Each structure stands twice: as C-alpha cells, then as structure tokens.
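Student: I would like a close look at one part of this model. Could you take me through a single helix and its surroundings?

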Amino acid sequence: MGSRLSGKVAVVTGGNRGIGRAIAERLAEEEAVVVIGDLIDERSPPVSSLKSLAILPLDVTKETSVRAFVDEVLQKFGRIDVLVNNAGIVVHKSIDEQTVDDWDRLMAVNLRGPFLMAKYVAPEMRRIGSGAIVNIGSVEGFMVNPWHTAYAATKAGVHGLTLGLAVGSI
Ligand SMILES: NC(=O)c1ccc[n+]([C@@H]2O[C@H](COP(=O)([O-])OP(=O)(O)OC[C@H]3O[C@@H](n4cnc5c(N)ncnc54)[C@H](O)[C@@H]3O)[C@@H](O)[C@H]2O)c1
C-alpha cells in the first residue's frame with residue numbers, strides 16, 4: 001500500500017540545508033513529489049541529495065519571486081498539496097546592538113515570507129479542494145531569550161499567522 005503522501009506535491013521553503021532539508025527528505029521518503037524553494041546563487045548552490053527533490057530559486061521576502069516560484073511549480077508539477085514554510089533566519093544580538101536593518105530582515109524572511117507563500121498557494125489549494133500549510137514556528141515565540149528579541153517577535157507573529165490561516169483565511 002502506498003503512503004498517504006504518494007503523488008502529492010509538497011513545497012518546502014529553505015530546504016537546501018538544515019531542518020528544511022530533513023523535512024524535504026522525509027516527505028520524499030513518503031513518496032511525495034518534493035519541491036524545495038531556496039536562495040540559490042554561486043555562494044549557495046543547490047545541494048542535491050535525492051533525485052526526487054527538485055530545487056527551484058525562491059526568495060520568500062519578494063512578492064515577485066514568490067509568484068514566479070508558485071507559477072513554476074504549478075507549471076511543472078500541476079498542483080500544490082503541502083506547503084512547509086520553513087525558511088527562516090536568526091540574529092543573535094542584544095536589543096542595544098540590534099539594528100533596524102536586522103529587525104526588517106528578520107520580519108521580511110520569517111514573517112512576510114510565510115504570509116506571501118500562503119497568499120499565493122492558498123488559492124491553488126482551494127481550487128483542488130484540499131491542502132495543508134505547515135508553518136515552522138519556535139519555542140522562542142513563547143519563551144524569552146534576551147539575545148533573540150526580534151527573532152522571538154517574528155516567531156510569535158508566525159504563531160498568530162498560523163491561527164488566522166487555520167480558522168479563517170483559507
Ligand atoms: N535550528 C533551530 O534550533 C531551530 C529551532 C526552532 C525553530 N527553527 C526554525 O526552523 C527553520 C529552519 O531553521 P534551520 O536551523 O534549519 O536554518 P538554516 O539556517 O540551517 O537554514 C535556513 C534555510 O533557509 C534559507 N533561506 C534564508 N532566507 C531565505 C529567503 N529569503 N528565501 C528562501 N530561503 C531562505 C537558507 O538559504 C537556508 O537554506 C527556521 O524557520 C527556524 O527559525 C530552528
């Protein structure tokens with residue numbers, strides 16, 4: 001008997017390494033067609049571990065990039081059943097050392113990114129009548145780490161976004 005993910009198309013943002021890569025590989029083991037979206041350039045070339053993983057360029061902070069990525073996935077794979085919003089960054093500084101640029105970058109990657117991805121993937125899930133969006137939050141969205149104040153704010157935001165998507169927006 002095939003896995004319940006057999007033939008499903010799963011998108012994992014930030015899956016070129018780390019936790020996202022582990023999620024992508026596990027989904028592939030469950031026979032999903034997995035598409036990783038990540039920042040791909042000469043400093044971060046795509047890391048190919050399994051033939052069943054496709055890796056496409058994506059910057060989750062940019063609306064044009066998210067739209068182009070979603071269009072490309074739909075054109076190549078026909079549907080999106082699972083979205084894992086995993087791409088994230090952390091800045092390890094005290095509040096005094098944190099800059100406005102740090103704050104804006106954290107908000108853009110960790111919070112605007114999942115919002116934009118959900119915004120452009122949800123209509124496709126509605127079209128096919130099913131789908132699952134998994135947002136990677138953090139225990140730091142509930143707890144205190146004095147070196148991660150801005151990061152904690154983004155993750156608390158991700159938890160709020162997730163509740164909103166779950167009860168209303170989809
Ligand atoms: N590592 C931990 O202990 C931990 C704990 C709790 C939650 N998390 C969360 O898990 C997720 C993954 O963390 P990780 O430790 O594997 O991180 P990582 O730094 O190892 O990998 C992050 C990936 O995201 C990609 N990325 C960064 N900016 C991007 C952008 N603008 N567009 C597309 N991709 C982008 C990177 O290129 C990289 O491949 C993050 O959301 C993080 O906040 C991590």
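Tutor: Start with the core, then we go to helix H1. This is a predicted model. Its largest nonpolar core has 34 residues. Ala 10, Val 11, Val 12, Val 34 and Leu 83 have the most contacts inside that core. Several elements give two or more residues to the core, including strand E1 (9-13), helix H1 (18-29), strand E2 (33-38) and strand E4 (82-85). Helix H3 (100-128) is also among them, and H3 gives the most, with six residues. In general, nonpolar side chains tend to be buried together in soluble globular proteins.

Take Val 11 as an example. Leaving out residues up to four places away in sequence, Val 11 touches Val 35, Gly 37, Val 73, Ile 80, Val 82, Leu 83 and Val 84.

Now H1 itself. H1 has twelve residues, and at 1.5 Å a residue they should span 16 Å. The end C-alpha atoms of H1 are 17 Å apart, which agrees. The buried residues of H1 are Gly 20, Arg 21, Ile 23, Ala 24 and Leu 27. These residues cover an arc of only 160° around the axis, so they sit on the same side of H1. What covers them? The cover includes E1, E2, strand E3 (53-57) and E4. Just after H1, Glu 31 takes a positive phi of about 75°.

H1 also takes part in the shell around the ligand. That shell has 21 residues, and the closest are Gly 14, Gly 18, Ile 19, Ala 87 and Gly 88. H1 gives the most to the shell, with three residues. By class, the shell has eight nonpolar, ten polar and three charged residues.

Definitions and conventions:
Residues are numbered from 1 along each chain as its sequence is written. This is a predicted model: local features need pLDDT of at least 70, side-chain atom pairs count only at pLDDT 80 or more; totals for chains, interfaces and linings use all residues. A nonpolar core is a set of buried Ala, Val, Leu, Ile, Met, Phe, Trp, Tyr and Cys residues joined through C-beta atoms within 7 Å. A residue is buried if 20 or more other C-beta atoms lie within 10 Å of its own, exposed if 12 or fewer, and partly exposed in between; C-beta atoms are placed from the backbone. Helices (H or I, at least four residues) and strands (E, at least two) are DSSP runs, numbered from the N terminus. Two residues are in contact if their C-beta atoms, placed from the backbone, lie within 7 Å. A residue is near a molecule or strand if its C-beta atom, placed from the backbone, lies within 6 Å of it. Ala, Val, Leu, Ile, Met, Phe, Trp, Tyr, Cys and Pro count as nonpolar, Asp, Glu, Lys and Arg as charged, and the others, Gly among them, as polar. The expected span of a helix is 1.5 Å times one less than its number of residues. The arc is that of the directions from the helix axis to the C-beta atoms.
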